[in-house]
Amino acid sequence: MNSFSSFGECIKAMLESRELSLLEGARLMNMKSATSLSRIIHNEVNVKTLDVFYQALLENQRISILPEEKAQLDQALSIQRVGIERYLSHQIMWQMLLSNPDQSVHEPYTIQCRGGALQQHPLHSLAEVIQIYEQSTEIELIITGCCRYTLMDNFYPLAARKENPARIVHYLHNRPDHPHVLLGSIAAVRRFLPLAGYTAYMADASILTPEALALYDGNRIFCTFVAACGKKRMHHLVLTDAHEFLMTEYRHPSPFLFQIDQLNHHKACLSPIQTQFPESITIDNYVRYAEMNRKWEANHSIFSIKPDIHLPFIHPDILLAAGMRTINGLKVSRSESMKKAVDEMYAIHLQRYRNCFTKKKVTHAVLSTSAMQRFVLTGRLSDHFFALSAFTPAERRKILANLRQQMSENPYFNLYFSKDDSLPFYLEITSYEGRGVMLSNANSSYNLSEGHVESMIVQPEFFQAFQDFFTQELLPNHVIPQQKGLNLMDQWIASLPSSD
């Protein structure tokens, strides 16, 4: 049975494995006739009928369903309800949210060498290739496609190492008629997105002509590196099967550079999906950064997954007090330029704060119950801005009391708390209606000079898939009821003093 068998095919396989006829199966299920069961097997009934049948099947004492059969039936029923594209999109979104970014899951890939400098000493596996790169310097990879988590994971240690990290330019695939392709690409490279040496571009059919798009199609890897012997080498790998590469090493640079020139030909038309911050950071950079966020949020519907409270949910008076405690603690002299920047930041955050609670567009934010509990105890957010001190107990009480009031009185403002640990919140994912979906490390300190990276996915397919996942899967199944959320807020508020 393949992984996408229909509900009817699953039932048919169950009957065959037990050597039951349609008539016998119908009798065991207390059905009026074998015709009713036949219609289910041939997928001639609606989802509501399947739901009733499936519940009766689970409760039937005369048919014992194996765990693997139940898993297949659950999958088939989910596909029947939402369609294959939405099902695949939801599954990939779960992979993006749930897979541990620190856990290696790479799979073995074999290599077949063809011609070039590898003819005398061929390599036989991707692991052997990676081993050569690990002993090398000045590694530069240009990748088209290859957007499988288990494949890209092989290259992550090279890109994340502290000394001589690999620089990677990656062209991701997007198929507007198959949104799960785009989601799978993002899920596959999620670990790479925060790395300073990794730059991803979207080879998008809405931007490129079919001829230009074809240049970025396929699954290829080009690599230049300086080997341990000091010689510069050039590899070209092409994924030709599920777990097999063809590979050659160029003796002369001209053919290799011609391949790279093809990819660079339209590069100016493509924008990197990550926000690039300057290497030298000043306080004015933070003012511009705050203004950029204000524009993203202004009068837009927002759907967000984040461990705890968003900064614009906090009144700028409280933010200013926390910032001044840091400045006073460091005994930093307050120049006119700093005072001006602080005043500008205050004005921007006041606009962001007011926008959150007065705009006539919805805000939906799913927060981690355990992360919120830590905030109540410590006064520090999971992504606490490095220039702010911890919020005092009284400040925490004010923050929570305001949010609690908004939750109960403001129909446009909605906070939810995770039901269990099924959402580990490795990523902050926030969609801005009509603009895109932003992804960033959920535990960033927002120190722009230390490699903070944000990725904005602007393709409508990604926005629509994320919002569909948020409203159809996340909210119905993985957050606690609203009244229980309000009760939690009451408990947290009651645990904090009204003055310090």
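The residues that line the largest cavity divide into 9 nonpolar, 1 polar and 1 charged, and this enclosed space is a convenient place to enter the structure, which is a predicted model. The largest cavity has a volume of about 90 Å³, and its lining is made up of Ile-11, Met-14, Leu-15, Arg-18, Leu-20, Gly-25, Met-29, Leu-37, Phe-53, Leu-57 and Ile-63. Two elements, helix H1 (7–17) and helix H4 (47–59), give two or more residues to that lining, and H1 gives the most, with 3 residues. Cys-10 is buried, its relative accessible area being 3%.

A search of the whole structure finds 3 cavities of 30 Å³ or more. The second largest cavity, with a volume of about 40 Å³, is lined by Arg-190, Leu-193, Pro-194, Leu-427, Leu-439, Ser-440, Asn-441, Val-453 and Ser-455. Strand S12 (residues 436–441) supplies the largest share of this lining, 3 residues, and by class the lining of the second largest cavity divides into 5 nonpolar, 3 polar and 1 charged.

From the cavities we turn to the open space. The largest pocket holds about 980 Å³ of space and is lined by 46 residues, among which Leu-311, Met-345, His-349, Phe-385 and Leu-388 lie nearest its centre. Several elements each supply at least two residues of this lining, namely helix H13 (283–297), strand S8 (302–306), helix H14 (316–330), helix H15 (336–358), strand S9 (363–367) and strand S11 (427–432). Sorted by class, the lining of the largest pocket has 31 nonpolar, 9 polar and 6 charged residues.

The packed interior comes next. The largest nonpolar core has 69 residues, and those with the most contacts inside it are Tyr-133, Phe-155, Ile-186 and Phe-192. Helix H18 (residues 460–477) gives the most to this core, with 8 residues. Apart from this core lies another, of 41 residues, including Phe-357, Met-372, Leu-486 and Leu-496. To follow one member of the largest core in detail, Phe-155 is in contact with Leu-126, Ile-130, Tyr-133, Leu-141, Phe-192 and Ile-221, once its neighbours within four places in sequence are left aside.

What is the relative accessible area of Thr-392, and is this residue buried or exposed? Thr-392 is found in the loop between helix H16 (369–378) and helix H17 (393–409), and its relative accessible area is 17%. Buried means under 20% relative accessible area, so Thr-392, at 17%, counts as buried. Leaving aside neighbours within four places in sequence, Thr-392 is in contact with Arg-325 and Asp-500.

The cysteines remain to be considered. A disulfide is a covalent bond between the sulfur atoms of two cysteines, and for this model the count comes to 0 disulfides. Why does Cys-223 not form such a bond with Cys-146? The cut-off for a disulfide is a pair of cysteine sulfur atoms within 2.5 Å, whereas the sulfur of Cys-223 is 12 Å from the closest cysteine sulfur, in Cys-146, and is therefore too far away for a bond. Cys-223 is also buried, with a relative accessible area of 0%.

Note on methods
Residues are numbered from 1 along each chain as its sequence is written. This is a predicted model: local features need pLDDT of at least 70, side-chain atom pairs count only at pLDDT 80 or more; totals for chains, interfaces and linings use all residues. Side-chain values use heavy atoms; hydrogens and water are left out. On a 1 Å grid over the protein atoms alone, a cavity is a set of points where a 1.4 Å probe fits but cannot get out, and a pocket is an open set with protein on both sides within 12 Å along at least five of seven lines; lining residues have an atom within 4 Å of a point. Grid points are joined across faces, edges and corners, and a volume is the space filled by probe spheres set on the points. Helices (H or I, at least four residues) and strands (E, at least two) are DSSP runs, numbered from the N terminus. Ala, Val, Leu, Ile, Met, Phe, Trp, Tyr, Cys and Pro count as nonpolar, Asp, Glu, Lys and Arg as charged, and the others, Gly among them, as polar. A nonpolar core is a set of buried Ala, Val, Leu, Ile, Met, Phe, Trp, Tyr and Cys residues joined through side-chain atoms within 4.5 Å. Buried means under 20% relative accessible area, exposed over 50%, partly exposed in between (1.4 Å probe, protein chains only). Contact means heavy atoms within 4.5 Å.
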